[in-house]
Amino acid sequence: DSQPDELKNYQNIGRGDRDRNYFLRMYLADYRAVEYLASRSDWNGGQLVAMGTSMGGQQAICTAALNPKVTAVVAHVPAGADMLGALHGRASGYPFWPADDPAVQRTAPYFDTVNCASRVKVPALVSMGFVDTVTPPVGIWAMFNELRGPKEVVPLVNAAHNHQSTAEQQAAYTRRADAWLAQLRNGQSPLAPASRPEPRQDANSKKAHEQLLVKQQQGRIDVYFIGDSITRRWGTSDPQYSAYLANWNRNFHGWNAGNFGWGADRIQNILWRLDEGELTGVQPKVIVIMAGTNNVGARPTAGNEPEIAADIAGGIEAIIQRARKLAPRATILLMGITPRNDNMACMPVINQANALLAKLADGRKIRFLNLNDQLADAAGKLRPGMANSDQLHLAEPGYQVWADALRPVLT
């Protein structure tokens, strides 16, 4: 309370003069911060995310518009949108400049996120609270419509502004932001179509690719497994999965089986690995494909189930096409996506995707195997012992179900 009024109402500094406006210095400082971060030797040169809430979301959007080094935006109830909306009968929010002031009318467009958004071509995640009077949703929607890159909106139908809402009311955004950041950290584009190859940028994945290229060149691989962590854990030498490796050895001794799974891979990443040589020249007799669960969990499912299922099926069809081109004599065993009880909302997508995957099989050169009626009940609830504590990855009995289903086909 003892601070000067100008400091307490900083957003009004220079509101009628674009060259003396408070937000000019703010945006230029944001730009400089990106330049500094990008100049550091410990930046990987791949991901640089502008992220913020309210005025921070406003800054994130406009920073991405101004600086091409920003690779993604995550903005929670961003401010500064549609500042002159009141002139057209729309609710305007922070910074609450008087839209009927001619000087404000000349200044506001330079700093409005709606105008910045048309320059944003990188992936963007944006939320808005439907009962937010600080940053009204109508302005955020106007800004969102102008974004030119891949984008996802998170409507918070019961939420006011962030400081006026509960964590539960904002949970949909929190979950999506966490999922986006996890994928961006791995060098993945959250909204890339499953059929588009995409490399992983994290050091572990790059090292794994190099190791799998060496493994690919060692020869004598008759049964080639490709997939994500559900595949990888079965045949890895990591100590924590020693029981799974013992199960792998018991079931596949003499089959010349090679495991080319890698944790957290989406279909896009598997496609990239195939394009970059991991199957080139191997010529296995059988290729086992288990992929798609990380695509299921990558996007919100409610209302989007058919779209997500079709995207997954299209991506796996691309894997099949790569496999047939690289190993034309191989029989392909396409596995259904296994149940996920970490989030039961994923089950409708999994079921719809598996129905589409079944249609890719011809029963001869491409065969479809769905284990789910053995792993789970009709509602998709995993049977006791089939999955580990995360309710996503298979436990040893689940792997044995998989092995038992493969053995007669391999024979």
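**Helix packing and local backbone features of the predicted model**

The buried residues of helix H6 pack against two helices, H3 (55-66) and H5 (113-117), and against two strands, E3 (124-129) and E4 (151-156). In this predicted model, helix H6 covers residues 137-146, and its buried positions are Pro137, Gly139, Ile140, Met143 and Phe144. When H6 is viewed down its axis, these buried residues fall within an arc of 160 degrees, and they therefore line one face of the helix.

The chain in which this packing occurs contains 16 helices and nine strands. Its C-alpha trace spans about 80 × 45 × 40 Å along the principal axes, and 51% of the 411 residues count as buried. Among the contacts between residues at least 6 apart in sequence, 73% join residues that are at least 24 apart.

Helix H3, one of the elements against which H6 packs, also meets helix H2 (residues 22-39), the axes of H2 and H3 coming within 9 Å and crossing at roughly 65 degrees. The crossing of H2 with H3 is right-handed. On the side of H2, the contact is made by Phe23, Met26, Tyr27, Asp30, Tyr31 and Val34, while H3 contributes Met55, Gln58, Gln59, Cys62, Thr63 and Leu66. Sorted by class, the residues in this contact of H2 with H3 are eight nonpolar, three polar and one charged.

A further helix pair is formed by H10 (residues 242-252) and H16 (residues 396-410), whose axes come within 10 Å and cross at roughly 15 degrees. An angle under 35 degrees counts as roughly parallel, and H10 and H16 are therefore roughly parallel to each other. The crossing of H10 and H16 is right-handed. From H10, the residues Ala243, Tyr244, Asn247, Arg250, Asn251 and Phe252 meet Glu396, Tyr399, Gln400, Ala403, Leu406, Arg407 and Leu410 of H16. By class, the contact of H10 with H16 has seven nonpolar, three polar and three charged residues. Within this contact, asparagine 247, which lies in helix H10, is buried, with a relative accessible area of 1%. Not counting residues up to four places away in sequence, asparagine 247 touches Trp234 as well as Glu396, Tyr399 and Gln400.

Several local features are located in the loop between strand E2 (72-76) and helix H4 (102-107), where alanine 86 has its place. Valine 77 lies in this loop between E2 and H4 and has a phi near 35 degrees, a positive value in a residue other than glycine; valine 77 is buried, with a relative accessible area of 1%. Proline 95 is likewise found in the loop between E2 and H4, and a cis peptide bond, with omega at about 15 degrees, joins tyrosine 94 to proline 95. Alanine 86 touches Ser92 and Ala99, residues up to four places away in sequence not being counted. The C-alpha atoms of alanine 86 and alanine 208, which are 122 residues apart along the chain, are separated by 55 Å.

A positive phi is also present at glutamine 283, where the value is about 55 degrees although the residue is not a glycine. Glutamine 283 lies in the loop between helix H11 (267-275) and strand E7 (286-290). Whereas valine 77 is buried, glutamine 283 is partly exposed, with a relative accessible area of 33%.

Terms used: Residues numbered from 1 in each chain as written. Predicted model: local features only at pLDDT ≥ 70, side-chain atom pairs only at ≥ 80, totals over all residues. Heavy atoms only, no water. Buried < 20%, exposed > 50% of the residue type's maximum accessible area, 1.4 Å probe, protein only. Helix = DSSP H or I, 4+ residues; strand = E, 2+ residues; numbered from the N terminus. Arc of directions from axis to C-beta. Contact = heavy atoms within 4.5 Å. Axes fitted to C-alpha atoms, helices over the stretch in contact; angles between N-to-C directions. Parallel < 35°, antiparallel > 145°, perpendicular 65-115°, else oblique. Left-handed = near helix turned anticlockwise from the far one by under 90°. Nonpolar A, V, L, I, M, F, W, Y, C, P; charged D, E, K, R; others polar.
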